[in-house]
Amino acid sequence: MTKWQKIIKLFTTFFRIGAFTFGGGYAMIPLIQKETVETHKWITDDDILEIIAIAESTPGPIAINSATFVGFRVAGVLGSVAATLGVVLPSFIIISVIALLLNEFQHIQAVKYAFWGIRAGVLALVLKALINMYKKCKKNVMAYIVMALAFICAAILGIHVLIIIVACAVIGLVYSLVKKGGNEQ
Amino acid sequence: MIYLELFLTFFCIGLFTFGGGYAMLPLIQQEVARQGWLTDAQLVDFVAVSESTPGPFAVNIATYVGMQTGGGTENVLGGILGAICATLGVVLPSFIVILIVAKIYDAFKESKIVKGCMMGLKPAVIGLIGSAIVSMANTVLFADSFNVSVFGELQFYLSILIFAVMTLLSFKKVHPILIVCLSAVAGIVIGYALDLKV
């Protein structure tokens, strides 16, 4: 396969991944694994684990992270552009259309009722996502303190979320350095 | 310049959210509300739309906010330009960071600084989403109609009921899209049956 064929293949493959995964995030991993490891043999299963580890410790959505990473591995910077564009485009097109339709239809009474019901349902979905994240988080005294601190600062004190994120990263860093220092003594 | 503002705001959101998906919710809520681009209720509605359409939440919300604030219904081209700016903004930070990490992967993987920061970031995101849920619940349950004494109270209890049932179903591993559909049907049936004011 020439480089340009690879780049086109990257685009179409990630376009498919973007078009057929609902919910985003980790829901995309099985399809990414199937397409990139089993079908095209671009990367290995170990690479997939690596990508998940990287995605967890870098900013941004996991779909974008993995598209960029796989694209780069297969065909360099151009490959990563093709893969990222591919994974973004389906959402972009679908949501653009929905944004226009939503404006047209939101005055209909049935649509208003539907969204009244949906809002309560969404609250349940986000709560479920929160509980899943809580279960996966490594728990120690520092983690509980940071959780409580972040919650209080955002919900009660109204401190800017960016400041809270940076401060908590610093707390984690200081804690890990101090803890390591303590172990060595 | 609205397009530059869209780009910069979403660039910032993309750069500072770790974990993806709903980890973005607190920052989006704060920034989008501060700029007056979406109300809390619109944001909650959009979470439902995003759950029922393919693709990552971050791209969906960026496209939607860009489309709405860049043009709205009258100006489709302006909307599309807004959507492009916002989406590019949210995607670019992860794109750049991953390109760098892909080159220095081994150093990155072993970095004690990265590991240390993550120890603080993971629990922080949980606390922040908790705060976002409290504020969303406030919008969902105590909508403007709450002061309309009888109807308001009835609506409040009905919302709680739908929320409770859907929470139960989501723990039974019912698919999120099905939950959005069931909630919509419940809303329509209860709404028409009791002639609610929403």
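Me: How many residues does the contact take from chain A and from chain B?
Reply: Keep in mind that this is a predicted model. Both chains contribute to the contact, with chain B giving 91 residues. The count for chain A is 82 residues.

Me: Which element gives the largest share of the side of chain A that touches chain B?
Reply: Several helices give two or more residues to that side, among them H1 (3–20), H3 (45–56) and H4 (62–105) of chain A. H6 (141–156) and H7 (161–184) of chain A are on that list too, as is H5 (109–136). The largest share is 22 residues, and the helix behind it is H5(A).

Me: How do the residues of the side of chain A that touches chain B divide into nonpolar, polar and charged?
Reply: Charged residues number just four there. The rest of the split is 20 polar and 58 nonpolar.

Me: Is A:Ser80 buried or exposed?
Reply: A:Ser80 sits in helix H4 of chain A. Leaving aside neighbours within four places in sequence, A:Ser80 is in contact with A:Thr68, A:Gly71 and A:Phe72, plus B:Leu99 from the other chain. The cut-off for burial is 20 or more other C-beta atoms within 10 Å. A:Ser80 has 24 of them, so the call is buried.

Me: How far apart in space are A:Ser80 and A:Thr58?
Reply: In sequence, the two are 22 residues apart. Going C-alpha to C-alpha, the distance between A:Ser80 and A:Thr58 is 16 Å.

Me: What separates the centres of domain 2 and domain 3 of chain A?
Reply: The domain assignment of chain A puts domain 2 at 106–136 and domain 3 at 138–185, with domain 1 covering 3–105. Taken over C-alpha atoms, the centres of domains 2 and 3 are separated by 29 Å.

Me: How many helices and strands are there in chain B?
Reply: Reading along the sequence, the pattern of chain B goes α-α-α-α-α-α-α-α-α. That fits a tally of zero strands and nine helices.

Me: Why does H2(B) count as oblique to H7(B)?
Reply: The axes of H2 (residues 25–34) and H7 (residues 112–141) of chain B come within 8 Å and cross at roughly 50°. Angles under 35 degrees would be roughly parallel, and 65 to 115 roughly perpendicular. The crossing angle fits neither, so the pair is oblique.

Me: Which residues of H2(B) make the contact with H7(B)?
Reply: By class, this contact has five nonpolar, three polar and no charged residues. H7(B) brings B:Leu128, B:Ile129, B:Ser131, B:Ala132 and B:Ser135. From H2(B) come B:Leu25, B:Pro26 and B:Gln29.

Definitions and conventions: Residues are numbered from 1 along each chain as its sequence is written. Chains are lettered from A and ligands numbered from 1 in the order in which they are written. This is a predicted model: local features need pLDDT of at least 70, side-chain atom pairs count only at pLDDT 80 or more; totals for chains, interfaces and linings use all residues. Two residues are in contact if their C-beta atoms, placed from the backbone, lie within 7 Å. Helices (H or I, at least four residues) and strands (E, at least two) are DSSP runs, numbered from the N terminus. Ala, Val, Leu, Ile, Met, Phe, Trp, Tyr, Cys and Pro count as nonpolar, Asp, Glu, Lys and Arg as charged, and the others, Gly among them, as polar. Domain bounds come from an automatic or database domain assignment. A residue is buried if 20 or more other C-beta atoms lie within 10 Å of its own, exposed if 12 or fewer, and partly exposed in between; C-beta atoms are placed from the backbone. Axes are lines fitted to C-alpha atoms, for helices over the stretch in contact, and angles run from 0 to 180 degrees between N-to-C directions. Angles under 35 degrees count as roughly parallel, over 145 as roughly antiparallel, 65 to 115 as roughly perpendicular and the rest as oblique.
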